Amino acid sequence: MEELTQHQVQDYYGRQLQTQQDLQTNACCTDDIPEAHKRILAQLEPEVLEKYYGCGVAVPPLVEGCTVLDLGSGSGRDAYLLSKLVGESGHVIGVDMTEEQLAVARRHIDAHTARFGYARPNVEFRHGYIEDLHTADLADNSVDVVVSNCVLNLSTDKEATYREIFRVLKPGGELHIADVFADRRIPESLRQDPVLYGECLSGALYTEDFRRLLHSLGIRDYRLTASRRLTIDNPEIEQKVGNIRFYSLTVRAFKLDLEDRCEDHGQVAIYNGTIPGHAHTFALDDHHLFETGRPMLVCGNTADMVSHTRYGAHFQVLGNKEQHFGLFPCGPTPATAASDNTAAASCGC
């Protein structure tokens with residue numbers, strides 16, 4: 001099953017799909033791209049854009065100077081976007097198993113290096129498998145940020161993939177992904193359908209199984225930053241999937257030792273307004289929008305997320321965990337929670 005599915009995915013993205021127009025559903029469609037990102041994307045080579053397949057925005061803020069790993073980097077669109085954002089002192093590593101996509105990405109390295117005004121490339125593309133990042137020569141605790149855009153659902157061994165992600169992340173590092181999830185487990189008969197799998201549908205994780213998987217790996221709290229229902233817009237495929245509902249979710253999780261529930265220690269976080277592009281507000285997730293200078297009561301996990309990561313230099317956290325006041329009333333916004341409970345695991349509550 002694993003070898004067959006990997007071969008099917010390689011064939012689908014390496015040979016059957018030539019541009020975005022060949023996709024049969026809207027699962028791999030991106031909207032709500034920040035204006036700053038649009039300005040960078042306008043500088044990218046047309047071939048890189050045409051052969052890009054993603055389902056959201058998988059690029060977090062504050063990546064300048066970081067080492068960023070892009071899993072399933074494909075034609076290199078997000079990797080080149082990140083190349084500009086991390087700056088000449090940063091480094092971007094794209095990993096993909098499809099030689100045809102790697103060839104597209106690699107042949108535009110020199111053009112983008114010159115366009116961004118860099119003396120030497122700060123991006124590279126490696127052949128490898130996301131289920132085993134040793135195949136791409138990635139060491140333990142070696143990257144600051146891992147991103148992936150509509151790719152992890154294609155993994156044939158998701159437990160191995162997420163284990164590898166947190167192996168290569170540095171302590172305090174961030175996983176930031178946009179991917180397709182489902183409101184229930186996908187039947188095996190649909191998982192064997194090469195078109196449904198290639199269209200990022202039948203490999204989608206059930207949201208509760210995603211929560212359980214991260215928990216089993218020691219990641220006891222993750223946050224949802226965006227959610228939208230996928231409408232598919234293909235009658236034949238809609239008939240196949242029946243009542244299964246699919247969602248594009250943007251998720252961030254940190255390599256931190258957090259609690260499995262949001263606990264109240266009386267802590268307060270204050271955002272300094274110093275993250276580039278976020279002078280007035282910073283959204284950690286769908287229910288923590290920090291206003292510059294305005295104190296906000298936060299749970300212990302949120303306090304750690306904004307103080308024990310690269311965001312720490314941009315926040316003041318008052319108080320510690322010596323006192324405990326029980327559970328913290330923390331949870332997703334009502335609009336997100338109403339999306340058929342797809343976000344219920346967010347913030348551990």
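## Helix H5, the cores and the aromatic cluster

In helix H5 (residues 99-106), the buried residues are Gln101, Leu102, Val104 and Ala105. They span an arc of only 160 degrees around the axis, which puts them on the same side of H5. The general rule is that an α-helix has 3.6 residues a turn, so residues three or four places apart point the same way. The model described here is predicted.

**The chain as a whole.** The chain holds 13 helices and 13 strands. Of its 349 residues, 57% are buried. Take the contacts between residues at least 6 apart in sequence: 78% of them join residues at least 24 apart. The accessible surface is about 14500 Å². Carbon and sulfur atoms account for 49% of that surface.

**Nonpolar cores.** The largest nonpolar core has 31 residues. Leu69, Leu71, Leu138, Val146, Tyr162 and Ile165 have the most contacts inside it. Two or more residues come from each of these elements: strands E1 (67-71), E2 (91-96), E4 (143-149), E5 (169-182) and E8 (246-254), and helices H7 (158-168) and H10 (207-216). Another core, of 24 residues, lies apart from it. Its members include Ile40, Leu41, Leu44 and Phe116.

What does leucine 71 touch, not counting residues up to four places away in sequence? Its partners are Val95, Ile130, Leu133, Val146, Val147, Ser148, Asn149, Val151, Leu152 and Ile165.

**Alanine 79.** This residue is in helix H4 (residues 77-86). Alanine 79 has a relative accessible area of 0%, so it is buried. Leaving out residues up to four places away in sequence, it touches Asp70, Val92, Val123 and Phe125. Valine 147 is 68 residues from alanine 79 along the chain, yet their C-alpha atoms are separated by 9.4 Å.

**Glutamine 267.** Strand E9 (residues 267-271) contains glutamine 267. Its relative accessibility is 4%, so it counts as buried. Not counting residues up to four places away in sequence, glutamine 267 touches Met296, Leu297, Val298, Cys299, Gly300 and Ala303. It also touches Val317, Leu318, Gly319, Asn320 and Lys321.

**Rings.** The whole structure has eleven aromatic pairs. One of them joins phenylalanine 254 and tyrosine 311 edge-to-face, at 6.2 Å centre to centre and 90 degrees between the planes. Phenylalanine 254 lies in strand E8 and tyrosine 311 in the loop between helix H12 (300-305) and strand E13 (315-318), so the pair ties together parts 57 residues apart in sequence. Both phenylalanine 254 and tyrosine 311 are buried. Ring pairs also link Phe254, Tyr271, Phe282, Phe290, Tyr311 and Phe315 into a cluster. Elsewhere, a charge meets a ring: the charged end of arginine 77 sits over the ring of tyrosine 52, 3.7 Å from its centre.

**Positive phi.** Most residues other than glycine have a negative phi. Two residues in loops are listed here with positive values.

| Residue | Phi | Loop |
|---|---|---|
| Leucine 62 | near 60 degrees | between helix H3 (46-50) and strand E1 |
| Isoleucine 232 | near 70 degrees | between strand E7 (223-230) and helix H11 (235-241) |

Is isoleucine 232 buried or exposed? At 6% relative accessibility, isoleucine 232 counts as buried.

Methods:
Residues numbered from 1 in each chain as written. Predicted model: local features only at pLDDT ≥ 70, side-chain atom pairs only at ≥ 80, totals over all residues. Heavy atoms only, no water. Core = buried A, V, L, I, M, F, W, Y, C linked by side-chain atoms within 4.5 Å. Buried < 20%, exposed > 50% of the residue type's maximum accessible area, 1.4 Å probe, protein only. Helix = DSSP H or I, 4+ residues; strand = E, 2+ residues; numbered from the N terminus. Contact = heavy atoms within 4.5 Å. Areas by Shrake-Rupley, 256 points an atom, 1.4 Å probe, with all protein chains shown as cover. Phe/Tyr/Trp six-rings, centres within 6.5 Å; stacked < 30°, edge-to-face > 60°. Lys NZ or Arg CZ within 6 Å of the ring centre and 35° of its normal. Arc of directions from axis to C-beta.
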